[in-house]
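Colleague: I'd like to learn how to read this model with you. Could you take me through it one feature at a time?
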Amino acid sequence: MKTLLRTLPLAVLLWLVQSASVFAVDDVAATKHNLASTQPTAGNIRTADTAFVCGFCHSPHTEAGGPAPLWNRTSPTGPYTMYTSATMDMTAAASPASISLACLSCHDGTVAFDQLINGAGSGGYNAGGASQGWAFTDGTSAVANTMPAGVTNLGTNLTGDHPISVTYDPTADTAFVALATVQASSVQLYGGSEDQVECASCHNPHEATNPTFLRVAIDTLCTTCHIK
Ligand code: HEC
Ligand code: HEC
Ligand code: HEC
Ligand code: HEC
């Protein structure tokens, strides 16, 4: 590798470094999912009360059994109305499964951004996940500590949103790409059998190189799973 790097022309090296497809690196801090004081973009929601970017979602020390790895947020309780349709052939859960519940802990608008199990800094652990009492702004004016009304607030009625917590099963509907092919693609299936479609199947909460955190660019995202 060293010899190869030494012999490559500088232009090629620069291209390799810049090319996101070769070196795609997650950078949460640069996205709207940075709710901390380091949020770089005017207009995006942030608080001046902590610089701990990851802490809004994860903590190194939190409760066991959260919906996502080392999850630091209070889970919403719904109840949710799930997507239904006469033409659905696969099996969907009656309520959102863990990874989707993690997203909905901000995106259904019922849990405050700062309802954290382990607050930043010394002490601050509260298993109940109470609000830390932090103040949020859009960089200029005060904003609420919950998801603003609008397209980013899905609410608890999910009947107008792409089905989630569905067991991906192309044998039930042949208009779908083979399971193994999807598992090998850039979308992410969850659960022990790696066959559950969740919010984070399409969105990577850590990276917004594609608009709206999409794991696959919008032109080919849908046909990663659907044969249409
Ligand atoms: C807005 C919420 C949010 C923030 C902020 C966030 N994460 Fe995550 N993270 C998630 C969710 C949801 C999952 C589970 C879905 C998944 O695995 O992609 C996850 C999964 C992970 C995982 C396990 C799966 C994987 O991708 O390796 C790691 C490690 C991780 N996050 C690290 C971090 C670190 C480090 C930071 C801060 C730099 C961070 N996260 C910030 C939401 C967040
Ligand atoms: C800690 C709270 C929090 C969690 C957890 C969270 N988000 Fe967000 N998300 C936000 C905020 C805040 C915004 C910006 C909302 C706004 O300005 O209207 C946002 C914006 C988004 C956007 C729109 C981005 C854009 O450019 O318009 C998408 C898509 C999104 N989140 C998906 C997810 C998914 C999927 C998950 C779970 C894997 C998730 N989020 C978890 C807080 C969160
Ligand atoms: C099958 C793929 C898929 C699933 C599953 C999915 N989304 Fe999305 N989502 C998208 C796409 C594609 C867009 C962008 C649509 C557009 O460009 O108009 C989007 C947009 C969004 C937006 C931003 C809307 C905007 O215009 O700013 C939010 C927030 C969001 N999704 C959250 C979620 C949450 C939370 C879940 C789970 C409850 C979820 N998504 C499940 C594909 C998906
Ligand atoms: C990760 C795989 C995956 C991706 C990516 C995906 N879908 Fe789906 N989609 C599914 C599954 C699974 C179902 C449930 C199918 C069933 O039960 O028959 C579904 C259902 C649907 C349905 C409802 C079908 C019905 O019978 O009611 C529509 C419409 C749809 N998807 C459109 C889209 C669009 C548009 C995109 C891209 C933005 C997309 N999907 C991306 C897996 C995916």
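Colleague: How much space lies in the largest cavity?

Modeller: Before that, the ground rules: this is a predicted model, where local features need pLDDT of at least 70, side-chain atom pairs count only at pLDDT 80 or more, and totals for chains, interfaces and linings use all residues. Residues are numbered from 1 along each chain as its sequence is written, chains are lettered from A and ligands numbered from 1 in the order in which they are written, and side-chain values use heavy atoms, with hydrogens and water left out. Now the general idea: rolling a probe the size of a water molecule over the atoms shows where empty space is left. A cavity is a set of points, on a 1 Å grid over the protein atoms alone, where a 1.4 Å probe fits but cannot get out; lining residues have an atom within 4 Å of a point. Grid points are joined across faces, edges and corners, and the volume is the space filled by probe spheres set on the points. Here the largest cavity holds about 50 Å³, and the count is 1 cavity of 30 Å³ or more.

Colleague: Which residues line the largest cavity?

Modeller: The lining is made of Met82, Tyr83, Ala92, Leu158, Asp161, His162, Pro163, Ile164 and Val166. They split into 7 nonpolar, 1 polar and 1 charged (nonpolar: Ala, Val, Leu, Ile, Met, Phe, Trp, Tyr, Cys and Pro; charged: Asp, Glu, Lys and Arg; polar: the others, Gly among them).

Colleague: His162 is on that list. Which iron atom has His162 as a donor?

Modeller: Donors are N, O and S atoms within 2.8 Å of the metal (3.2 Å for Na, K and Ca), and water is not among the atoms, so sites may look incomplete. For the iron atom of ligand 4, the protein donors are His162 (NE2) and His226 (NE2), 2.0 Å away. The pair links distant parts of the chain: His162 sits in the loop between strand S3 (142-143) and strand S4 (166-167), and His226 in the segment after H6, 64 residues apart. Those helices (H or I, at least four residues) and strands (E, at least two) are DSSP runs, numbered from the N terminus.

Colleague: Why is the arrangement around the iron atom of ligand 4 octahedral?

Modeller: Six donors count as octahedral if opposite donors are over 155 degrees apart and all others between 65 and 115. The 6 donor atoms around this iron subtend angles of 85 to 179 degrees, so the arrangement is octahedral.

Colleague: Are its two histidines, His162 and His226, buried or exposed?

Modeller: Buried means under 20% relative accessible area, exposed over 50%, and partly exposed in between (1.4 Å probe, protein chains only). His162 counts as exposed because its relative accessibility is 55%, while His226, at 25%, is partly exposed.

Colleague: What coordinates the iron atom of ligand 1?

Modeller: His58 (NE2) and His206 (NE2) do, at 2.0 Å. They link distant parts of the chain: His58 lies in the loop between strand S1 (46-47) and helix H3 (98-107), and His206 in the loop between helix H5 (199-202) and helix H6 (218-221), 148 residues apart. His58 is partly exposed at 25%, and His206 is partly exposed too, at 30%.

Colleague: And which protein donors does the iron atom of ligand 2 have?

Modeller: Those are His33 (NE2) and His107 (NE2), lying 2.0 Å from the iron. His33 is in the loop between helix H2 (10-18) and S1 and His107 in helix H3, so the pair ties together parts 74 residues apart in sequence. Both count as partly exposed: His33 at 31% and His107 at 22%.

Colleague: In what order do the strands of the open sheet run?

Modeller: Two strands pair if DSSP finds at least two bridges between them. The open sheet has 3 strands in the order S1-S2-S3, with antiparallel pairing. S1 and S3 stand at the edges with a single partner strand each, so one side of each has no neighbour in the sheet. Strand S2 (residues 136-137) pairs with S3 over 2 bridges, and Phe136 stands opposite Val143 in S3.

Colleague: Which residues does a cis peptide bond join?

Modeller: Gly78 and Pro79, with omega about -5 degrees. Pro79 is in the loop between S1 and H3, and so is Leu70, a non-glycine with a positive phi of about 40 degrees. Leu70 is exposed, at 52% relative accessibility.

How values were computed
Tetrahedral: all angles 85-135°; square planar, octahedral: opposite > 155°, others 65-115°. 1 Å grid on protein atoms, 1.4 Å probe; cavity = no way out; pocket = protein on both sides within 12 Å on 5 of 7 lines; lining within 4 Å.
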